[in-house]
Amino acid sequence: MNGAVVMESKTNKKVFWGALASGLLALGILLVSFGVSGVAYAVPIAGVGDFYVEFDKLEGKGYKFYPKLGETSSSDAAPQGTNIIDTLTIDNLKLYKDFQVGGEWIRVKIQASKPVQISGLQHDAGLIEANAKFQNLALKENNSTDWTKQFEQTSSTITLENAKLKTHYLFQETINMAGMKLTVEKIDKK
């Protein structure tokens, strides 16, 4: 090996489970407070790596999209797009994140059984799969030295159906999530 040092690392399961339990407890307290009041204000979800958002239908007003490079769990500058929607309603919302722990997979999932109402949404995604409809859709180029400002898409309304979004950042000024449920479970992921 010519003096090279080979280092092996292992995840300390005791520390990992303690950190996961603390995080879930804090998330549970936060979500219970949402359940009591039904409304959350200024809710950012970021820094947990890729997570997925799925829903049956989204209806929004005041839509804007622009490209960017943003941070993910594996890169400081991954290509993605920012979606901004002024107000929206989502039917059958599910958010989830999968963690590999040893040889097993664990899924943390938040879902709402009733329509979710959101204002002031900012969402950064690496992938959006959906059936989309827009009203007053405009695609526009701008003269700028900043490539993120050279292109934008706007529409007065947006409707997405049967959607799955690979998400890197999510922020809402307010969210009303009636019928919310949080689960942490082992999953069979192959």
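**Notebook: strands, a hairpin and a greasy patch**

I started at the turn: β3 and β4 make a hairpin with 2 residues between them, and G102 in that turn has a positive phi of about 60°. I'm taking strands as DSSP runs (E, at least two residues) and helices as H or I runs of at least four, numbered from the N terminus.

Note to self: this is a predicted model, where local features need pLDDT of at least 70, side-chain atom pairs count only at pLDDT 80 or more, and totals for chains, interfaces and linings use all residues. Residues are numbered from 1 along each chain as its sequence is written, and side-chain values use heavy atoms, with hydrogens and water left out.

Next I checked the pairing, which takes at least two DSSP bridges between two strands. β3 (residues 94–101) and β4 (residues 104–112) run antiparallel, joined by 8 bridges. I looked up K97, and its bridge partner in β4 is V108. β4 also runs antiparallel to β8 (residues 180–187), again with 8 bridges. There, I110 has L182 in β8 as its bridge partner.

Then I zoomed out. I count 1 helix and 8 strands in the chain, and the helix comes before the strands in the sequence.

Contacts were next (heavy atoms within 4.5 Å). Of those with a separation of 6 or more, 77% are between residues 24 or more positions apart.

Last, burial: I call a residue buried under 20% relative accessible area, exposed over 50%, and partly exposed in between (1.4 Å probe, protein chains only). Buried residues are 30% of the 190 in the chain. I also looked at F134, which lies in β5 (residues 116–135). F134 is partly exposed, at 31% relative accessible area.
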